[in-house]
Amino acid sequence: MNKGTILVIEDDKMIQNLMATTLEISNYNFQIASNAEQGILKAASYNPDVIILDLGLPDIDGIEVIKRVRSFSCTPVIVVSARVDNDDKISALDAGADDYLTKPFNTEELLARIRAALRRKSYSNDEKVQDSIFINGNLKIDYAQGCVYVDDKEVHLTAIEYKLLCLLAKNLGKVLTHNYIKKEIWLDDNGCDSQLSLRVFVTNLRKKLNASDYIKTHVGIGYRMLQISNENSSEV
Ligand code: CA
């Protein structure tokens, strides 16, 4: 059974082969692009469920690829790069990547991250059973459609941002610890960069929702979504 479609944008032949073998064994359909231009075209024409992206590409830098893909697609992007600097990770996440793995990578970990990215859909389906629309102040989440609105205007979130928002909404008013959130979103609580990633995702989410007072930071503990009353838009 095919479990999903993956686009790999990677110029290194050896890593291409490793990715191909890993994805094949796990029954994913996939295509490989050897440069950025080809990758962006395939992101549009092949419409994959997940994109795996190298940053060091021969024609266009990977960060720019993320920005271009984000201009037309919300497909989860997992960066797999040899760049280990926090600045590179932050730039990639800021540009719209959902996850970041450093080379050399563990193929099992890559597969786990792909599964986590693919769960966005099933996550919104689970929610549909319970309650298909969530409303808090001027924020609305349509779980059935997987769409988020602020003041009735659609906000485009990446898969991880969406998942994070749903998790906070589902636990409205409760403080969720960093470890709990990381486990729910990335499957593990000791990923080398998930602590950093979480902070970046919360910052991006706040920016996109244009209302930082929805998400309260509990320093050293975690995050909580505040319940906003509709009348005066203040915390209740
Ligand atoms: Ca490369």
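This briefing covers a calcium site, a β-hairpin, the cysteines and one buried acidic residue. The model is predicted. Its calcium ion is coordinated by Asp 11, Asp 54 and Gly 56, and its strands β6 and β7 form a hairpin. Asp 142, which lies in strand β7, is buried yet has no salt bridge.

**Calcium site**

- The calcium ion takes its donors from the OD atoms of Asp 11 and Asp 54 and from the O atom of Gly 56, at 2.2 to 2.4 Å.
- Along the sequence these donor residues follow the spacing D-x42-D-x1-G.
- Because Asp 11 sits in the loop between β1 (5-9) and α1 (13-25), while Gly 56 sits in the loop between β3 (50-53) and α3 (62-70), the pair ties together parts that are 45 residues apart in sequence.
- Asp 11 is partly exposed, with a relative accessible area of 30%, and Gly 56 is likewise partly exposed, at 36%.

**Hairpin of β6 and β7**

- Strand β6 (residues 133-136) and strand β7 (residues 139-142) run antiparallel and are joined by four bridges.
- Two residues lie between the strands of this hairpin, and Gly 137 in the turn has a positive phi of about 60°.
- In a regular strand the side chains alternate between the two faces of the sheet.
- Along β6, Phe 134 and Asn 136 point to one face and are buried, whereas Ile 133 and Ile 135 point to the other face and are not buried.
- The bridge partner of Ile 133 in β7 is Asp 142.

**Asp 142**

- For Asp 142, which is buried, the nearest side chain of opposite charge is that of Lys 140, and because a salt bridge requires a side-chain nitrogen within 4 Å of a carboxyl oxygen, the separation of 6.0 Å leaves Asp 142 without one.
- Leaving aside residues up to four places away in sequence, Asp 142 touches Ser 132, Ile 133, Cys 147, Tyr 149 and Tyr 162, and Ile 133 among them is also its bridge partner across the hairpin.

**Cysteines**

- The count of disulfides in the model comes to zero.
- Cys 74 is in no disulfide, since the nearest cysteine sulfur, that of Cys 147, is 8.7 Å away, whereas a disulfide requires the two sulfur atoms to be within 2.5 Å.
- Cys 147 is also one of the residues that Asp 142 touches.
- In terms of accessibility, Cys 74 counts as partly exposed, at 32%, while Cys 166 counts as buried, at 0%.

Conventions. Residues numbered from 1 in each chain as written. Predicted model: local features only at pLDDT ≥ 70, side-chain atom pairs only at ≥ 80, totals over all residues. Heavy atoms only, no water. Donors = N, O, S within 2.8 Å, 3.2 Å for Na, K, Ca; no water. Buried < 20%, exposed > 50% of the residue type's maximum accessible area, 1.4 Å probe, protein only. Pairing = 2+ DSSP bridges. Lys, Arg positive; Asp, Glu negative; His and termini not counted. Contact = heavy atoms within 4.5 Å.
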